[in-house]
Each structure stands twice: as structure tokens, then as C-alpha cells.
There are 2 protein chains.
Amino acid sequence: MKAEIITIGDELLIGQVIDTNSAWIGQHLNSLGISLYQRTACGDNKEQILACLNDASLRSDIIILTGGLGPTKDDITKKTLCDYFNTSLVTDEKVLEWVTRIFRQRKMPMLDINLQQAQVPSNCKTLWNRSGTAPGMWFEINDKIFISLPGVPFEMKVIFEEEVTPLLKQKFELPFIYHRTLQTCSIGESFLAEKIKDIENELPSHIKLAYLPSVGAVRLRLSAYGNNEENLINEVNVICNKMYEHIGEYIFGENNDSLSEVVGNLLKQKNKTLATAESCTGGFIAHQITSIPGSSKYFIGSIISYDNKIKQQELNVTNDTLLNNGAVSEECVKQMSTAILNKFSVDYAIATSGIAGPDGGTDEKPVGTVWIAIASKHEVITKKFNMGDNRERTILRTSLMALDMLRKML
Amino acid sequence: MKAEIITIGDELLIGQVIDTNSAWIGQHLNSLGISLYQRTACGDNKEQILACLNDASLRSDIIILTGGLGPTKDDITKKTLCDYFNTSLVTDEKVLEWVTRIFRQRKMPMLDINLQQAQVPSNCKTLWNRSGTAPGMWFEINDKIFISLPGVPFEMKVIFEEEVTPLLKQKFELPFIYHRTLQTCSIGESFLAEKIKDIENELPSHIKLAYLPSVGAVRLRLSAYGNNEENLINEVNVICNKMYEHIGEYIFGENNDSLSEVVGNLLKQKNKTLATAESCTGGFIAHQITSIPGSSKYFIGSIISYDNKIKQQELNVTNDTLLNNGAVSEECVKQMSTAILNKFSVDYAIATSGIAGPDGGTDEKPVGTVWIAIASKHEVITKKFNMGDNRERTILRTSLMALDMLRKML
């Protein structure tokens, strides 16, 4: 069972929008046991969309289109599907009723272009869009399934989960693919590979290992293909146990765990609280922590002391420290971490100070120099890093390293 | 002149990695006047990569591959290119020297798999990778150009900018594409379309208008195609002037401006300072502001009062307010904003309090209820929103709305 995705929109080609839909759909197809064979992005151009539909239908059984369903002129997917299937648009009364109701609820006038949202090719089954006005569409032609979804991510997701998934399960007897991913940080890709090369060399042919590096982290994904679900899971588990023996200290979580979620769970389990005192990370650590639902249980708050005045006024960093050691120093992050620990009466505190760049570097402290402190009631640990010369990456890696230091302390 | 991108990696298909490279490459090709015709993502599979290379070379003149150049076993791009071009790998001495130097500098042992990084197909010109060990590769075969780049974004970008761009400029006489994008927020796509429908109907055929909606914002992109650069720019500018007349109040910036950058520039121009007091946004507004280089000139800091205790202790929110109005109330954000304004001695302050969810909603204040206050020395303005039931979107939209309220005040 092979699937393909065709994403439609000039904005994808000129790079004004990053395609997050494809990754999401790929994940969900995989969890259903459908493997995504290929994906294509093409422009808002009828001939090109038709060519992509032709090519994809020669390779795959399920073709999922996203984009081009909006109310405006550049949205041509529905008309192009009519051409492809040699049919025409008709008004779907249920969709019309739904669109009318949405506009009434929002107390907004209904425009002509909004009415067109209720028109669909005559040969499709419409898929209800709880989150918007553009319906999804499902076509079955010569044993091939074509599914057209809106490009707006949350509308696409709702339709995929509530309408597409049940229909796919009903239509196909699906094979089984089992993925398990170990998430590591604080070690590079080739060093990981060296440490687990014996495990890798012994992998059977139906189990694949992939290294997925990102800023400051590498994910190791094992994928097993077959029909016997239980056997596959057992095999992968045995391999993962060996991985934990060899590189356990670097593994912070599995699958889609984020480091902030892992740290949050540890804090919850131990019934402990956390606060941050951030300078160079400018609130990003607090944001990472509070992205997790339920974080209000353990996260108390933060003082972001971007200006040195605030470091002194709110976090008791001494004049001496700023004059003799500077704001980017071990002394400074130590003082910041213990100050926030006491002020917010928490069990653990993170403090960061560094030079994110592009300006502010010196010979002694080049751009990318960062100090991190983690404080508990019993100890303060500190560490110095050089995060390189990219502002965005420095903020991201500092956040990751700080959370990993806290994880190890917990 | 048509280009295509082929991104290689199972991780893209199973959705474990979001492809940001393609968008970046698309943008840069466009600014060179090369239009990206199509892009394809395929797996770590030799036959499939070969098929994609064949198909792309039938459609386009420049084929850019990313991914599969790492040191580990799942990286097969170089071997596949050897098959495609019917050649074999040879060691590039310059690359070998570079890789050896990197490992010596980092004081890390050089592994066998790292040595393989210096091997490239015999028929390529290597492209220097200042940021890593995997070189890029440039092939010219029968008037087609094939370019292979690493998948790690910052390595790909360095090679593209420093090596690929000059070679493309040297090789081709490039046509001209001019894009100008107006960034709007606080208005929906169909309402924008209604307001500018006369302008849209009068567009000449060589100028296209696209609506690019995202959470809380819609970008309007005008693209003009032709050979006379000056004329195209003039034509687009005349249209943009009309847009400003019709929808100017919703336009916060152009092209790649972010709202936090626009607000930052306004603060810098007026020599004013800013602080935030955040509850439901948990530091995200501070992070958005401090993502901008040079933000330390105007951003002083923040107090993130996730716990109500901190709202009282640090931001003078009264017991009365919390008991009678609750933390998610106009009274509360008013007190938070004026407290941080005075405590941090700044000219402007943003305060947020809301229910990001998924828990914590009530009938009276459902999940998504958010209050925002913007304070200056002269006034405090407040606004209530319902941001819907998605935590991530609520945080993002609240941040956007707060920055837009501040922009309008400035």
C-alpha cells in the first residue's frame, strides 16, 4: 500500500511557506501502516497539477492533495480535479448549510466567494471540516483513492483525523510498520555511530536504523517492516535495550518526547517546582517549558533580565561581579540561579547568560559564549559552552543544554 | 530556466523531520531569477532516487539534491550519483585536508567513516563546506546542472550562498522575477479579498497575487514576471500603493518582516524601552522580541508570572482582583502591565493572562479566553480575545495580537 502527497501552491515553491503538512500526514499514514512513498510540491498551475496527478497515480494507490481550496482566485484545485475526473462542480447542500451557520455564528456577512466553498466536483464524497469552511473531498477511481484537503494546517488535521482515518481503515487491510525512536543529545552523529556500530551491523534486513540530526540533538529511529506485529515490536525492543546499554546516558527520551516534556514529567513525579532566570535565552526556556500542557503544575515563573540593571535589581547580581567578571560569567549565572531559587521559593532553578550575537563578542568571550547554571537547594552546577555564531541556534542549543543539565540533576 | 529540488531521506517521508531546506532554497533561487518548478521528497532508496533524477531532468534544467551525505550507513546519495553518472568515488585531497583539520581543531579522534566524507564521484566539482565535513557537489551533464548538498540546514545554506550562487550567476543569463509581499494581521482572508477585489480584477496577466494565510495573519504576495526589471518594479509598486490605500491599517510590514522586528524598529526609532509581564504566553512574547538581533537596545526584560503567587508578589496584583475577577481578567492584566512598567522603568509594557488549555476552562471563561493589556506612561489599553482551543495557536496568536496592539500604540 503506497501513498503519495501532492502539495499545491506557488508559496511552497518560492519558499514563503514551510510545508509542515506533509510531515504531519507522513507521521499519521505511518502509524496507520501506510508508507508514504513520495511527495511532490507543485505550483498553482493546472497543467502541472494534472501531470503530478498522473505521475502519482502510476506509482501509488492513495494520492493526497493539500492546498488550493481557499476562497480566492489563486485556489484552483477543485476546478483542476473536475478536469482530471472529467466532471463539473455542484453545490453540496450540507456544506452550504455548515458554511452559512459558521458565518452566522461569527456574525460576519456571507460573501459570494464564501458560497463557492460549498461547491465540489460531482463525483466526490465530501469530508466534513469542523474547523473551517473548505470541505475535504474523497474520490475512488479505478482502485485508486484521491483525497483533497485544505492547506491550512489545523483544518487539514481535523479532516484527516476525523474523516480520512476512519475511511482508510475501513477500506484497506493494512500491513504493519513499527517505529521506535531514541532521542539523544550532547553527542555528535559519528560518535554515536561508532558507539553502536556492532548493533547496527547485526540488524536484520527488515529493520532499518536512521540517524536524524538536528541542532544539539540526534534521534535514532528504528523501523521494522512485516506482518507479525508482536514479533516486530519484540525485535525492536531487544535492539533498543542494547542501545540503552551502550549509549543510555545520552538518551533523554523516545519517539516524540521533547526534552521539556521529559523534564516536566520528572518534576511532576517528584513533586518539585522550577523557575528560570534568563538573559541570552530571552524567555525561550520558559516558553519551551510552558508549551507543555499542565506545566503550570511545576513551573512557577521567570525573570528575564535582558538588561544588566534588572540582573542587579531583581536577581541580586553584585556590582563586583558585573565589573570584574562581566554578565557572561560563572559568578553571574550562579548568583542569578540562587536568587531566583529563593525569590520564587522553588526547588530548582535554571540561569543563562551569554552572547547570542551577532554583536557583542570579544577576543576573550567570542559570540556564542554561554554560561548555564542549575541550582537546587543543595547545589549549584555551572557549565560554559561555545554555541557558535548563529543567534537562533545559540538560543536553541542553550535551551536544550540547560534542560539536559537539569534532567541529569533530577 | 527551471529548477527542481529532490530532498532525500526516509525521515522526511515518515514525517520525523520538517523540510525547511526546500523553502529556503526556493526563496534563494527566486531572488536569483530562477523559478523553482517542482520539488520532490523521496526515501533513502537507490532505485527511487534514480527514478526521481530521471523524471526531474526531463522537466528542468537545474536539479538540486539535499540530504543523504552524512557519514552513516543510511546515507546513499554519493553512491547513487555514481550509478546515475556511471562513475565511481575518488578521494578529493582538498576535502580530506579540510576534514582532517576540523577534527584536529575540535580535538576529536578521526574515525574511518569521517574519512569517507572526502570521497566524491569522479566527475564532480566539489563545493567547499565551511560549516561541516560533507562537501557539496556540482555536475554538468548534457546542459543540465545537478547539485548535491548536505541535508543539515546550516551546512546546506553556507554552500548554497558561498559556492552555488556564484556558479549559477556565472553559468546563466538570468531572467527577472520580482516579488513584493504585504504582511497583514487582524483580518481574515476573504475580508481582505473583498476589500481589494477591484485591484485584483485589474491585475495584468504577468503579475500574480497570492493569499498566504497563517495563524492570525495573511500575507499578500505580488509576483511579476518579465525582462525589464525597472518596469516590473514600478508596476508592482503602483499596485502596492493602491493596496495601502484600501487596507493600510492591517499592513504591519513587508516581505520577510516579522511583527517583532517591526515593533523593535519603531521602539529603536523613538528611543523607547519595553518590558513584558506574561502569564499564558509563558515567555513567548519575550522570546519573539529577543529573537531579533540588537533587541537588547530596547528590551529590558520580563517577569513571567505563571503562578498567581508571583502575580501578587512581583506584579502587585491584588488579592481582591484574584478573588473577584480572577487571574484572567481585565483588572489583572491592567495591574500586571502598570506594575512591570514602573518596576522595570520602561516606556511601554505588555501584559497577558489567559487560558491556553487544554484544561482550566469554565463556562464563563472557556479555553482560549485571553486578556491583553498594553501600558505606556499615558494610558493602558486592554482587549479580550477568544483564541480557540489549541494551546500552541493560542500562545502564538496572543503574542501576535499583543505585538500588533503595541505597534498601533507606537
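User: Before we start, where do the domain bounds come from?

Analyst: In this predicted model, we don't draw the borders by eye. Domain bounds come from an automatic or database domain assignment.

User: Okay, so which domains does the assignment give for chain A?

Analyst: Let's walk along chain A. The assignment starts with domain 1 (2-171) and goes on to domain 2 (176-254). Last on the list is domain 3 (259-409).

User: How many residues does domain 3 of chain A bring to the contact with domain 2 of chain A?

Analyst: The centres of these two domains, taken over C-alpha atoms, are 31 Å apart. Domain 2 of chain A puts 7 residues into the contact, and on the other side domain 3 of chain A puts in 9 residues.

User: And how many charged residues are on the domain 2 side?

Analyst: Sort that side of domain 2 of chain A by class. You get 4 nonpolar and 3 polar residues, and the charged count is none.

User: Which strand gives the largest share of the side of chain B that touches chain A?

Analyst: Here 71 residues of chain B meet 69 residues of chain A. By class, the chain B side has 32 nonpolar, 24 polar and 15 charged residues. The largest share, 7 residues, comes from residues 299-305 of chain B, that is, strand β14.

User: In which sense do strand β2 of chain A and strand β2 of chain B pair, parallel or antiparallel?

Analyst: Both strands cover residues 35-42 of their chains. A:Cys42 stands opposite B:Gln38 in β2(B). Over 5 bridges, the pairing is antiparallel.

Definitions and conventions
Residues numbered from 1 in each chain as written. Chains lettered and ligands numbered in written order. Predicted model: local features only at pLDDT ≥ 70, side-chain atom pairs only at ≥ 80, totals over all residues. Contact = placed C-beta atoms within 7 Å. Nonpolar A, V, L, I, M, F, W, Y, C, P; charged D, E, K, R; others polar. Helix = DSSP H or I, 4+ residues; strand = E, 2+ residues; numbered from the N terminus. Pairing = 2+ DSSP bridges.
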